[in-house]
Structure formats: C-alpha cells, structure tokens
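Student: I'd like to learn how to read a model like this one, feature by feature. Could you walk me through it?

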Amino acid sequence: MTQTAPSLRLEAEEAAARLPDLLAHADHLASTVLLGTHGRRRAGLGDDFWQYRPARPGDSRRMIDWRRSARGDTQFVREREWQIAQTVQLWIDQAGSMRFTSGQHPDKAHRARLVGLALAVLLLRSGERVGLTGTRLPPRRGDIQILRLAEMFLDAEDADYSPPEHRGMLPRSQAVFVSDFLGEIDEVETALTKAADRGVRGVLLQILDPVEENFPFRGRAIFQSVGGSLAHETLKADDLRDRYLDRLAERKARLSHLSSVTGWQYHCHHTDQSAQAALMWLYHALDRRL
Amino acid sequence: MLSLGALAFTTPWLLLALIALPVLWLILRAIPPAPIRRLFPAVTLLLGLKDEDHVSDRTPWWLLLLRCLAVAAVILGLAGPILNPRDNAQAGDQPLMVLLDASWASGTGWAAQIAAVDAALAEAERDDRPAALIQLTDPQEPAFRSARDVRAQLSGLAPEPWTPRDADMAATISALASLDPFDTLWLSDGVARDNRVPLLDLLTAQGRVQVIEPGTPVVALGPAKFADGAITLTGYRRDTDAIPALQVAAFGTDPNGTVQEIDRITLPFDADATVAEAVLDLPAELRARLTRFAIVGQTSAGAVSLPDDSLARREVALFAGRDDREGLELLSPVHFLTKALEPTADLLDAPFGDVLPANPDVIILADVVSLTAEETEGLTDWVSEGGLLLRFAGPRVAASDLSRDTEDPLMPVRLRAGGRTVGGAMSWGEPKSLAPFPAESPFFGLSVPDDVRISAQVMAQPDPTLADRVIALLSDGTPLVTRKRIGQGQVVLMHVSANAEWSTLPLSGLFVQMLERLAVSTAITAPDAQDLAGTFWEPAKVLDGFGTLRDASTLPGVSGETLAEAPLGPDMRPGLYTSGDRAIARNVIEVDAVLTAATWPAGVSVAGLEAPQEQPLGGWLLAAALALLLIDILASLWLSGRLGGMRGAATTASLVLGLALAFHPHPGAAQSEELAAIEATKEIVLAHVLTGDRRVDEIAEAGLRGLSQTLFQRTSVEPAAPRGVNLERDELAFYPMLYWPITADQPLPSREASARLNAFLRSGGLILFDTRDADVAGFGASSPEGRKLQQIARTLDIPALEPVPGDHVLTRTFYLLQDFPGRHAGRDVWVEAAPPDAQAIEGMPFRNLNDGVTPVIIGGNDWAAAWARDTDGRTMFPVGRGFAGERQREMSYRFGVNLVMHVLTGNYKSDQVHVPALLERLGQ
C-alpha cells in the first residue's frame, strides 16, 4: 500500500481528534524525570501557577511574591506546579508479513502505523516525548516529531519477519510494540526480558488479519510468506484448520503470559475492526501506566 | 458412410474413440487440480504440520463433464457428420452435365440455384465424376472437366436477359449428341418453352435426367402502354402461381438527376387470370422523367420494363396565318395537323408571345409570312437552342416576298416567286407523286403510297446549298421538303400547304409517319420493321439478367429492322435504343406474353430447391469443442481463484459491452454534424482554415478569438467562439469569412474542396489569405508560402487584384485606417481590383460586384499572431517594441474590425458615400 507521509498524518490526526487529551498521570520515574507540561498536582518546578502559600522561615526573600503580599500584612510565596514529561518509545513492525491483507480492509502495516501514529499524536499533544526504539529516532517533544515519526513509519523493511527492536530503550520509560508477532517468539521474549531489566514497561499490540484468525481455506494450496522466503504445501487445507487455530491460540497465550510476567499488557487487534478500538485500548493501557 | 436418420458420418470408425470417454473421466478425476498459491504471513504457524489424508480435493463434476463434452465434440467433429446427407444410391457414376436455363426468369433466386449446382458439383467432386456446365442462353462447347474446375467457374455465372433461342438450342443438341453417355442436372427456370422438348429427348437418351425447378413464382412486367393520358401497366404470372398481386414501382430522375421511386402501384390478379393490369396516372412532368418500371422484390430482367418515346409526349405549338375564312374548318391550314398530332402530342394553344417562354419541343408555322423582328429573334434563339421549327407553305407564302431575294433566317431555302401548279385545270401535266426518299434523308425507308399527289408547291431557288438541304423530292426532282440546321435545332419547310388544297399528302398515312420521323410526334404503338426501315439505333442503356440497367456505350448499334423484329440475344440486348431525338425500348417481355409453367415428362425427376441441402456439421462441432475448452479455461481460472470475482465480472461485462459496441452502428455522426451546423449558424462565427500544422492552427484560432473579443467589446457584432474548418469535409456556407494562414507544406485542396471554395467566394464569402512572411519576403513567389499560395489560388476563382487603394471601403468601414499591420507592418495588402471603368464617386470607385465585397484579401502581415489571445484574454505574442508595438497591435485589431464590418455590411458602407447627395436631394 503506497502512502505518503501527509496522508498518513492526516488520517492519524483524524483518529486522534476524537479522544480527549491524554494527560498521563505521573509516576515516580526518577531517572527519566524531565520538566514537562503534566502537572503533578503538587508544588514543584514548572511553568504554571499552583498556589500561594504564606512565606515560611527559610524562604529567601526573592521567593516572595510582592504583588500578592502587598494586599495584606502576610507575605506570600508563589508556588508553581511540578511538571514532568514521560518518554514513550514505539516499535512498529515494518516487515513483509505486515504488508498483507485478505480483502477490502487495509493491510496490517497500515493499521499498525495508523494506530501508532495516532497514539504518538495524542502523547505529543499532551507534552510527552515520543520516539522510536533503537537509535533512529530518539524521543523528542513537539509537533515536528509527528512528521518525523510518520516518515519513519513509511520505511518498509524487506525481511519477512523482523524481531522487536529492543536497543536504545531509555530506562524506566514506556514502550509500545505493534506487530503481528508471527515471527520468532523467542525474539519477543528476549526483547521483553531486556525491557523488564531496564524497568521499561509497556504494551504489546498484536495486529492480525481476519484470515489469519479464521483460516478459511480449502483444497490443495501452497501457503507462502509475503516475501516468499517460507512456503508450506498442503493437499487439504481444511484439515489443517483446527491444528492451525490451536497453534495460534498457543502463540497468543505465550504472548499474554510473557507480558504479564514482565509487567506489560497484551492485546490482539484485527484489521477488520475499527482502528478506534485499538487506539482506545492503547490509550487506556498507557493511561493506566503513566 | 454410416447413416443415422438425418445424420451421417463419413468416417464412422472414429466414433470408437467415444469409448475412451469414461476412461478419460476416471483419469481426470484422479488428477488433482493445480495447487493454489496463497500469500499467508501466518505460514510460520503452519510449518511442520503434516497432511493427515493424502487424497486431494477432486475436480468438480461439472468441470469434468465440460471437458468430456469437449473431447466428445472433437471426436464427433472429426468423424465427419453430415446433416441431410444426399442419397448416394441415386447418383450414377457417369459424368455429370449441368444445364442452366439462365434466362431472365432465373434472375430471381439465382443465388439459390447456384448453391444447388454447387452442392451437386461438390458431390460429384467427392465421387470423382467429371462434370460439364452449359448455360443455355449463352452456350459454350461442352467439355467434361474435373468437378472442382467447374465449381470454380460458378461464381462468374450470371443469367442473361433473354430466353434460350432456337438456334442456340439446336447447336447445343448437336454438340451433346456426339458425347458419351452422361447424367444430367437441369436447373430449369420454370417457364415452358417449345424448344426444350428435343433437348430433353436427347438427354433422357444419354442418361438419367434430374430437374431442379425453383418453387418461387415467376412473374414478369410487360411494356408500359400509354392511352388516354394514363399509363397502363401489365403484369404476368404463370398459370400455376398463386401470387395475388404485383407491386410495381415507377422510377424516374428527380430534378437533381438522381434516380428515385416516383410512384408505386398494385397489379391485382383475378382468380384464374395470368394477366393483371393497372392504370398509373401521372402528371406529364413526372411522366417525362420516368426511366423504368420494376416489380418490387424481383431481380430479373423480366420484371423490369423500360419506357420510351411511346410514353413521352412532345409539346407542339401550332400557328396559322391569319384566318379570316370562318367556318371553313376543312380548309383551315392546321386542321390536318391538329388531327394528326392530337393523339400523340400535347398541343399548345396560346398567343405567340406566351409560347416561346414555355419552350415547346416543336413550333409549326402553317402558311405564316410575317413575323415581327422581335418574334424572329426569339424564334431564332429558340431554334438554335434545339427547337424544331416546321413551316408549311401555302397561298400566302407563295404570294409574299418571304425569302425571295435573300434567304430568310427562318427559311431553309430561297423561294422563287409564285410557286407552281401542276396538273390543274389551267396547267399541263399530271399532279406529281413523291420520289423515293434519298438515303441521307430522315424519311429514308418509308414507303411512298401511290395515291399521294402534289398539285401545287412553292419552288426553291437553285442555290449551291440546295442539294444538301433537300430531304424529300418530287418524282421530277423538285424539292418537296427542305431542311436547314441552325445551332442545335433545325428549320424544316414543307413546300406544300398543311391542308389538302395543294396536295393529298396531309390525307395519307405517310404524313403521320413523316411527322414521326421528324420527331414532331411520337408513335403510340410499338414500331414495326417497316416503320424503322433504314434507321440506325444506338443502345443507350441495356438490361442485364438481374434487371439492372447498364451503360451500353461500348455496344455496337443495330439497324431499325433488327430492333423491331430480331429475337433478343447477345446481339440484340433488351434496353433503350436511341436515334437522334427518338428513343425506343426493347423490353424482355413482349406485349401479350404468356407465361406457362414448364411441364416435364413422367420419367424425369423434378425436385425443388427447397430440399434440405447437405450440411457438414464437423466444423460446427469442432468450433463447439473449442468454445467448450475456452469455457474450461475460464472455469479452471475461476476455480483456482485467479479470476478475481469482481474483476472477472468487470472483464466479462466489458467484453460483452465491447462486442455489443462493435456490432452497434455509429449513430452519432450525422447528429453531431447537424449540431455543428446549428452551432455555426446560431451566432456569427469567424472561421479559419485548418492547415494541418497544429501550431499555426492554434495561433489562427487564438487570433480569431482575440478578434472576436475585440468585436464583441467595440461593435454590435457579437461573434461566438471561432472554429477551424476542414476544407475537405466541412460546409463553408455558414461562415462570413475564412482566415487562411498559408504554410509551405499544407496539402492543396481537392477538386471538390476547390469547387466549394469557389461557390463560397461567389456567394459573398471572403477569404483572408495570410502568408505570414512579410518580415522576410516581398510580394510574389519569393517565399515558400508565397509559392504555395500561388498553387492554391490557381484552382480558385480569384479576380484581378490590386494593392488596397487609399479610398478602398476597407479603410473606412468602422475605423479610418491608412495601413493594415499585423505582427509585421509589412508590404502591400491586395484586394480585388476596381473595374477599369469604375467611376470615382467622391473618391470612391463604384464597385458592385459581389455586393461590393472583395472576395479575397491577400497579405503577409501575420494578423492572427497580432490578434492572438489565450483563453484568459492575454495577448500571446509580442508585437513591435514598447508603446509603438502596442499601437501597431491596436491598428491590427482595427483592421480586423474593419474587415469583419466590410464582410458583414456588404455595399452598405460603400453606399454611404452617396449620403451627402441623398441629403442634398431630400433638402430640396
């Protein structure tokens, strides 16, 4: 599916516009604390006014807000809200297996990009720092990052299946992995383990085509991966159905188990469903975390 | 050959292969369908899964059936099936002689007869029998050849518009009698003829005779007769035919010269009658245009009847000298003439002044002496344009000085004073009779009755030219009828009076015949040999066997006797024959023809053409097999998912649509042409000639667009968008002017296009020729464009030219202009020269040709480029430099405005020079 960065961004903006601003609630993530626009509901370093409090001994004179103090006899100190920003790192699977669709609905890669970018828009709009895992696009703030992300998302990979990128994850940040997770499951395990080691938590979003969920095939067939690197021939495809579905359920259970062990969250999304559903789930998942 | 009812097989053993079909079924069942390749990213989850059951899905039963049907169709097709096989037991092994009547009666349904012959010859070819073919109307020496050779000859055969002649039949019989025994196939035309009997006797002696006779009715149309102001048409049918009525169409030329149907009439047959008659009443004008009658739906020469002079009626105007002897009818100079002409000619009864404009065929002056100078001049003009002036002498002519000393222009000879009287009471001698007519006389061949006696006549002066002008002599050698040619017409003088006073000639039948020979009157009945003796006739149009008129200019002429009596044949083809002003038609069907159905003796087997023809089915079956295999391809593709559902439907739909379109006639062409005409005439449209050079055409269109906009803004002329016209195709009459940029390589207009251009120029159109080379070339052939313009102008009707004079109306139709710049402010612009005798009226030479509009303006200033504006109204090309350039562009627009005004107002603007004079007169 050919797609230009502007059109991808436009669709992402449209998807994101339907949600209220995501104000991730702050957690104590000491090492990644940076000033951001998210009020911590307590006085601290920040730009926004929080409250006036009577000056206490120990406050330096320059901290006194003279304008307020002039109205009475008491001297007041102006306090600002303590604001921090979160770092969220995305990994969107760009491998060949994602460029598959069985019908009218968009291919998996498109859905993954859309949901990922919509999430990035929401996060960036609420002041978070968003980037990619790995070294290609470190987390930054600002709207311009949306464009950079959109550009990155459009770089497709040639390989049929690609392992999750787990390098360059900032300790104690958030991570979002979007993929069909049909490749080597061990790689996923490695990535999640490493993330857990660094205190990174996040979500796994598995995107599957309805065909992959139903396996509605009959007769003699040769199944091959998108790039053609793998092939499997069968004489009666309908006989394979039950065993395939078992394997798929097993794969999902494994992913779910891995994520629960490492403190991540797992969700499976189908391309024939609305992208809104996936975004909603991501929103809530991150909202709970942040 | 294996025969199963109406079906037979030429190679039946091939049918054994049908046994293999069930085996094929089993084999096809066992072979699995080709695997479908599917993209499936989750293949990683499938790796390592084994099939539990090794038998694959089977091909669907209907696909198997389709394939088996295809194979069965191939086997059946190769086995050579034949529908309605001819029973070979009947066919002998002797050579096959094919006889074709090929007469006019075979014309309708000829193709079916040829097909029957072809089938018979094809069979003979299969059986290796030699064959020969004889066309009885045009017999050749019979020679047996291979049937294949004879078949190749079939397509060239055509029926002849006559029936087999006795002589030909006799020759054929003698030729056939000497041959070895043979079988005969006789394609009869179904009309009985006596000369068929001896031939049939011979054929039955030689071998088996098979007759094929078409079951269709044989009908014919007799010659049209004219009586009592109406045309009687006679139709014939055979006694065995039950056709209730004939539709006969009368064809004639319309005023434009194209032949079309004038009228249609039904000829109903009574219950047992073989003859049907009907009367066709047509006005004289339409009657004169008739060219043929034809039975609708028949393509035979017998169904066509050609009208000739017997339907034509000449207009004759009769004038006598002033008749003051009231009551003496029988002595009236024109009594006998009137009686002789009334049945066969239309007599005009009108004053002399009204007759000449009616342009009669003949004017007869009986004993008329005095004609005014005006009448003489009118008559002379009329005669020289082809009229026949017939004069009769009489007492007044004899007593007058008419043509006495000098030859009167309307008299063939000079006359001696007084004339002479022979055999009267006061004279010697006997009344004279006529000498036989000389060979060069139009009367040559007419027999002279003994009882014609001339007792008085006017005498011709002996002159050197007299001998050439005499066309009838008395027995003593004195001229009786003299003739002089004037232009295309002639003046004939009868040296006797038109009544019985001077001779008994007007009382005799010879008089009527002489009038006929002079084409004064026309015969009602078919002329016989005696009537036509000594005349010679050229074929104008002849009929072929299908009743089509063909040009006969390459055929030799025939003598009158042949024309009247000889039977129709290759030397005397039916058709229209002319001699001088007279025309006689020889029709295939004579008057009172009788058509009888042919009867055949009991021993001869007669078959109709309707018998089912042998039809090989092999080709159809093989085609069906091919179609089935094609369906199989589609079905296999569909089964393997390669024929995407939606796309497949779209493909099929577009295929069907494409086929439908391919067979659908193109309806829009005429309509769009009409729309274009309406567009071009709804508003004034400036037009430019398409040169074929796209760039030049674009500039020309943009130029006219700019000029149209300027006109719209500044004047009351509000043109629509300009158009390009293709000289070869488009109608020019819709456009007031054409702008014609000349390119060096444009094609010259064709002859038709030149004719249209000339018509355009003559009817007030104007062409602005622009060689666009004023920057590099002077006037003349010094540039390629100039030379091309000369080539184009050679075919056009372009008057003498002159450079635009300072007082030309073009300089003042809207703006006052002195020069006519375009993108180049170059050399002279040329217009039609003023006539050399033009009077300058207040400096304005009077021009009235073409409504005062010059038909052409020739220059090279590249006006279109100066006028050119794109669709947004911006000028497209720079003109000159700076302000002076813009001024030049403004001047070029003004020239354009003046030009269009000049074209549209005609002489109105040039007449404005008279306004001061008119005002002055009004003031008085």
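**Reading the model together**

Tutor: Let's start with one pair across a sheet: Phe251(B) stands opposite Arg292(B), a residue of β16(B). Keep in mind throughout that this is a predicted model.

Student: Which strands does that pair belong to, and in what sense do they pair?

Tutor: The strands are β13 (residues 245-253) and β16 (residues 290-295) of chain B, and they pair in the antiparallel sense over five bridges. They sit in an open sheet of four strands, with antiparallel pairing and the order β14-β13-β16-β17 in chain B.

Student: Which strands stand at the edges of that sheet?

Tutor: Look for strands with a single partner. Here those are β14 (259-268) and β17 (304-305) of chain B, so each has one side without a neighbour in the sheet.

Student: Now a parallel case. How many bridges join β5(B) and β6(B)?

Tutor: Five bridges, with β5(B) and β6 (residues 130-135) of chain B pairing in the parallel sense. For a landmark, find Leu96(B), which stands opposite Ala131(B) of β6(B).

Student: And how many residues of β5(B) are buried?

Tutor: For burial, count C-beta neighbours: 20 or more within 10 Å makes a residue buried. In β5 (residues 96-100) of chain B, five of the five residues are buried. Then check the two faces separately. Leu96(B), Val98(B) and Leu100(B) are on one side, Met97(B) and Leu99(B) on the other, and both faces are covered.

Student: What about chain B as a whole: what percentage of its residues are buried?

Tutor: Buried residues account for 36% of the 924 residues in chain B. The chain has 26 helices and 42 strands. Sequence separation is worth a look too: of the chain B contacts between residues at least 6 apart in sequence, 75% join residues at least 24 apart.

Student: Backbone angles next. Which residues other than glycine have a positive phi?

Tutor: Two to look at are Asp367(B), with phi near 55 degrees, and Ser403(B), with phi also near 55 degrees. Place each one in the fold before going further. Asp367(B) is in the loop between β20 (362-366) and α11 (373-384) of chain B. Ser403(B) is in the loop between α12 (395-399) and β22 (420-421) of chain B.

Student: Are those two loop residues buried or exposed?

Tutor: Go back to the neighbour count. Asp367(B) counts as buried because it has 24 C-beta neighbours inside 10 Å. Ser403(B) has 22 inside 10 Å, so it counts as buried as well.

Student: How do I describe two packed helices?

Tutor: Two packed helices are described by the angle between their axes and the distance between the axes. In chain A, try α5 (residues 185-197) and α7 (residues 237-262): the axes come within 10 Å and cross at roughly 10 degrees. Angles under 35 degrees count as roughly parallel, which makes α5(A) roughly parallel to α7(A). From α5(A), the contact residues include Val188(A) and Leu192(A), and from α7(A) they include Leu255(A) and Leu258(A). By class, this contact has seven nonpolar, three polar and three charged residues.

Student: Let's move to the interface. How many residues of each chain are in contact?

Tutor: On chain B it's 22 residues, touching 29 residues of chain A. On the chain B side, the elements giving two or more residues are β3 (36-39) and α2 (43-46). That side has 13 nonpolar, three polar and six charged residues. Strands pair across the interface too: β8 (residues 221-224) of chain A and β3(B) pair in the parallel sense over four bridges. Within that pairing, Gln224(A) has Leu39(B) as its bridge partner.

Student: Last one: what confidence does the predictor give the complex and its chains?

Tutor: For the complex, the ipTM is 0.73 and the pTM is 0.44. Chain A has a mean pLDDT of 79, with 84% of its residues at 70 or more. Chain B averages 81, and 87% of its residues score at least 70. Look at the low stretches as well. Residues 661-668 of chain B have pLDDT below 50 and zero contacts beyond near neighbours in sequence. Residues 18-37 of chain A are also below 50, yet that stretch has 46 such contacts in the model.

Notes
Residues numbered from 1 in each chain as written. Chains lettered and ligands numbered in written order. Predicted model: local features only at pLDDT ≥ 70, side-chain atom pairs only at ≥ 80, totals over all residues. Buried ≥ 20, exposed ≤ 12 C-beta atoms within 10 Å, placed from the backbone. Contact = placed C-beta atoms within 7 Å. Nonpolar A, V, L, I, M, F, W, Y, C, P; charged D, E, K, R; others polar. Pairing = 2+ DSSP bridges. Axes fitted to C-alpha atoms, helices over the stretch in contact; angles between N-to-C directions. Parallel < 35°, antiparallel > 145°, perpendicular 65-115°, else oblique. pLDDT = per-residue confidence, 0-100.
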